[in-house]
Amino acid sequence: MWLGEGVPPPDVKNLKSCGCVGKCDPKSKTCACAKRQLEWLQGYIDEGILPTTWPGSPFVYDPRGILQRPDCPIFECNQFCSCDDDCANRVVQNGRKWPVHIVKTMHKGWGNKIPRGSYVGIYSGELLTELEGEERGRYYDISGRTYLFSIDFHHLKLGMQDPDDWENIYVVDAYHAGNVIHSLFGASRLVKNHSCDPNCRIYACYVNDSDIDKPLLAVFTTRDVEPWEELCFSYYGDIDVSNFILGVFIVADFIFQEKREIIEEARKTGKEELVKDHAVYARCHCEADNCIGRLFS
């Protein structure tokens, strides 16, 4: 990850590291990594999102490195831990185990294929302040090319009386710098790898930075993926909400009105050419049974 202006370097001084010999034992009473993971899972357990225990708890991976608890942040062992490199709690840091093939699709640009579900990769790029992200977003909206990802995970708001009071601090921008994963989740002009029925999702993962506001953006599959099945991500997150479609079209009307206002203002100032391709909203091409028809660029 590249750090933008005003973004501090990784905080390694406050990392909590285990002294385990061999592989970490999730049942250990002394493993600092198990304690740290449980500390952050407790809020989900208290809210009833997670059960009180599961095989391998409190770690979120099974012995094969498959994510078991998809609704919470991931805290892996770090560079100062004494456990083995093949510890079950070292997955993201050890890299992708499945091959990824980049192929051109008709409506979605450069799609990615993977034989089966597991860890896919890191959504990398420039880590920016929210202010810098908003500034860049204004220019990206004009062309419909944006790779911005706001770090606003649910666990960052746990314990707040009103989660709406939480303010986003950082944004990842993969437009100028990134890896192969941004071709899966980035939005090029009018083409997407979005799906209303996705098989991938981004999770917050912490390894060598103790700053809770700066996780790695780790991509995992959310269901078994058949060989050569396209990998997709929902730009809206979870959409299994009864009033979601209504909300989408309300937002759509607002955005189209905003676009009309921007174009009208550009005409008055003689800068219409700067916004003629303003593509903040586009047609969805996922073809899923639950497709909502539209999506943000």
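## Working through a predicted model

In this predicted model, the side chains of Glu-126 and Arg-136 form a salt bridge, 2.8 Å from N to O. Let's start from there.

**Exercise 1.** Work out which parts of the chain the pair Glu-126 and Arg-136 ties together.

*Solution.* Start by placing each residue. Glu-126 belongs to strand E6 (residues 126-129), while Arg-136 sits in helix H2 (residues 130-143), so the salt bridge links parts 10 residues apart in sequence. Next, check how covered they are. Buried means under 20% relative accessible area. Glu-126 comes in at 16% and is buried; Arg-136, at 17%, is buried too.

**Exercise 2.** Find out how Glu-132 relates to Arg-136.

*Solution.* Look at the side chains first: Glu-132 and Arg-136 meet in a salt bridge of 3.0 Å, N to O. Then count along helix H2: the two residues are 4 apart, which puts about one helical turn between them. Glu-132 is partly exposed, with a relative accessible area of 32%.

**Exercise 3.** Decide whether Lys-214 and Asp-209 are buried or exposed, and find where else they turn up.

*Solution.* Their side chains form a salt bridge too, at 3.4 Å from N to O. Lys-214 has a relative accessible area of 7%, so it's buried. Asp-209 has 13%, so it also counts as buried. Elsewhere, salt bridges with shared partners join Glu-126, Glu-132, Arg-136 and Asp-173 into one network. Now turn to the second largest pocket, whose volume is about 290 Å³. It has 15 lining residues, and those closest to its centre include Asp-209 and Lys-214. Sorted by type, the lining has 11 nonpolar, 2 polar and 2 charged residues.

**Exercise 4.** Put the strands of the open sheet in order and say which ones stand at the edges.

*Solution.* The order of the 4 strands is E2-E9-E10-E5, with mixed pairing. Strands E2 (74-75) and E5 are at the edges; each has a single partner strand, so one side of each has no neighbour in the sheet. Now zoom in on E10. Strand E9 (residues 200-206) pairs with E10 in the antiparallel sense over 6 bridges, and E5 (residues 119-122) runs antiparallel to E10 with 3 bridges. Val-219 in E10 is the bridge partner of Gly-121 and also stands opposite Ile-202. Finally, 5 of the 6 residues of E10 (residues 216-221) are buried, so this strand is largely enclosed by the rest of the structure.

**Exercise 5.** Locate the cis peptide bond between Ser-57 and Pro-58.

*Solution.* Its omega is about 10°. Pro-58 lies in the loop between helix H1 (32-46) and E2. For context, most peptide bonds are trans.

Key: Residues numbered from 1 in each chain as written. Predicted model: local features only at pLDDT ≥ 70, side-chain atom pairs only at ≥ 80, totals over all residues. Heavy atoms only, no water. Buried < 20%, exposed > 50% of the residue type's maximum accessible area, 1.4 Å probe, protein only. Pairing = 2+ DSSP bridges. 1 Å grid on protein atoms, 1.4 Å probe; cavity = no way out; pocket = protein on both sides within 12 Å on 5 of 7 lines; lining within 4 Å. Points joined across faces, edges and corners; volume = space filled by probe spheres on them. Nonpolar A, V, L, I, M, F, W, Y, C, P; charged D, E, K, R; others polar. Salt bridge = Lys/Arg side-chain N within 4 Å of Asp/Glu carboxyl O.
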